[in-house]
Every structure is written in structure tokens, then in C-alpha cells.
Amino acid sequence: SSDVCSSDLVPSPAYAAVDYLVGLTAPMALAWLPDGRLLVTEAGGAIRVVQDGRVREMPWATLPAPRVDVSAGLMGIAVDPDFVTSPYVYVYYQQQPGTAGGGPRDVLLRLRDEGGSGIVDRTLFEFETTADALRAGGAVHFGPDGALYVATGDPRLPGAQDRAGKILR
């Protein structure tokens, strides 16, 4: 039969887990650039470059004031499908509450690859979320239609029908 039951999915002793990379702090997401570089987000706000199997010492970019708490921080990353002519990278993160009060802010940024570094190009959207959001969402992907899709927020919280717990296009 071609049906597979979850009990059939038993780890094989022929396979072993091995470290692919070392030197990252709380990696959250990754995206490949067309030239073979790998961008890896770290929860604390750094976007690191992996090239030739090694993590570069200097980050590709560092984002301002990410909120690192449970599953928040710098979470999602996607490379523009037409990166060669539009060298943009999109990242989703949760920012610390500002000094003027209010809750943390969920932010979608567009960065531009300039000379091998990421420069903030513009903020595409941001909104205040609640301080008790345990799951900030943050998956960022391009669909087959070329549109950017972003998963936001903790669907368990009040206001989930607004922005949290949604997939935005």
C-alpha cells in the first residue's frame, strides 16, 4: 500500500544528526541568495552570511532593538525572486516597546544588498502587538504568484481577527 502511517516513520539507525554549521546564536530562519550565499537570521537581530561552509564574522545586517522573548526576535527572511535585478531581502521581526510606552511592534522591513551588506531600504508595515504575545509569527515567503506572504502574530490573543494570527499578502 502507498499509505504511510505515522508509526511507520521510525528513525533509521543508518542516519545520524550532524552539525552543519557552528558559530550561530539562536538561528531562526534562512534564505539562499542566487550567488550561493546563505543568509541566516539570529533571534537577537543579526543576519549572518554563510559562504563556503563558514559563518562570516561580520553580520550582513543588524536590526534595531528586536524583542527576544520565547519565540520572538528576528524571525523570517525571504529573498526577492528577481534578486539579480531587484537586490531586496525581506525580514520580519518583533521590536521592543518604544520609550513612549505601548507594546512591542511587529515589523516587516525591506533591505537592499549593497556591496555585500544589507542596508535598510524601507519599512513595509508595522503594528503594535500585545506584550503577552508568545508566538510572534514571522514566516516570510514568496508565493508562486510572485506575491510576498507574511504570517503574523499569536492567534490565541484578542484581536486575532485583526492582524495577529493571519497570513498577509
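I took two strands as paired if DSSP finds at least two bridges between them. With that rule I went through this predicted model.

**Entry 1. Overall content**

I began with the secondary structure of the chain and found zero helices and twelve strands. Read along the sequence, the pattern is an unbroken run of β elements, β-β-β-β-β-β-β-β-β-β-β-β. I then looked up burial: of the 169 residues in the chain, 38% are buried. For contacts with a separation of 6 or more, I noted that 41% come from residues 24 or more positions apart.

**Entry 2. The four-stranded sheet**

I looked up the strand order next. An open sheet of four strands runs β6-β7-β8-β9, with antiparallel pairing. At its edges are β6, residues 74–79, and β9, residues 117–128, and each of these pairs on one side only. From one strand to the next the twist averages 20°.

Inside this sheet I checked the pairing of β7 with β8. Strand β7 covers residues 88–95 and strand β8 covers residues 105–114; the two run antiparallel and are joined by eight bridges. Which residue of β8 is the bridge partner of Tyr93? I found Val107 in that position.

**Entry 3. Arg110**

I stopped at Arg110, which lies in strand β8. Is Arg110 buried or exposed? Its relative accessibility is 16%, and the cut-off for buried is under 20%, so Arg110 counts as buried.

I then asked what the side chain of Arg110 makes a polar contact with. The partner is the side chain of Asp121, at 2.5 Å. Arg110 also lies over the face of Tyr88, at 3.9 Å from the ring centre.

I listed the residues that Arg110 touches, leaving out those up to four places away in sequence. The list includes Tyr88, Val89 and Tyr90. It also holds Ile119, Val120, Asp121, Arg122 and Leu124. Asp121 and Tyr88 therefore appear in my notes both as touched residues and as the partners recorded above, Asp121 by its polar contact and Tyr88 by its ring, with Arg110 itself buried.

**Entry 4. The three-stranded sheet**

I moved on to the strands that follow. Three of them form an open sheet in the order β10-β11-β12, and the pairing is antiparallel. The edge strands, each pairing on one side only, are β10 and β12 (166–168). The twist here averages 20° from one strand to the next.

Strand β10 spans residues 137–142 and strand β11 spans residues 148–152; four bridges pair them in the antiparallel sense. Within this pair I found His141 opposite Tyr149 of β11. The two strands form a hairpin with five residues between them. In the turn, Gly146 has a positive phi of about 85°.

On the other side of the pairing list, β11 and β12 are antiparallel over three bridges. Val150 stands opposite Leu168 in β12.

**Entry 5. Aromatic pairs**

How many aromatic pairs does the count come to? I got two. I looked at the pair of Tyr90 and Phe142: the ring centres are 5.5 Å apart and the planes stand at 70°, so the pair is edge-to-face. Tyr90 belongs to strand β7 and Phe142 to strand β10, so the pair ties together parts that are 52 residues apart in sequence.

I checked the accessibility of both residues. Tyr90 is buried, at 8% relative accessibility. Phe142 is partly exposed, with a relative accessible area of 24%. Tyr90 had already come up in my list for Arg110, as one of the residues it touches.

**Entry 6. Positive phi outside glycine**

Last, I looked up backbone angles. Ala26 has a phi near 50°, a positive value in a residue other than glycine. Ala26 sits in the segment before β1, which covers 27–32, and is partly exposed, with a relative accessible area of 41%.

Asp52 is not a glycine either, and has a positive phi of about 55°. I found Asp52 in the loop between β3 (46–51) and β4 (54–55). Is Asp52 buried or exposed? At 77% relative accessibility, I recorded Asp52 as exposed.

Methods. Residues numbered from 1 in each chain as written. Predicted model: local features only at pLDDT ≥ 70, side-chain atom pairs only at ≥ 80, totals over all residues. Heavy atoms only, no water. Axes fitted to C-alpha atoms, helices over the stretch in contact; angles between N-to-C directions. Buried < 20%, exposed > 50% of the residue type's maximum accessible area, 1.4 Å probe, protein only. Polar contact = N/O pair within 3.5 Å; in protein donor to acceptor, adjacent residues only side chain to side chain. Contact = heavy atoms within 4.5 Å. Phe/Tyr/Trp six-rings, centres within 6.5 Å; stacked < 30°, edge-to-face > 60°. Lys NZ or Arg CZ within 6 Å of the ring centre and 35° of its normal.
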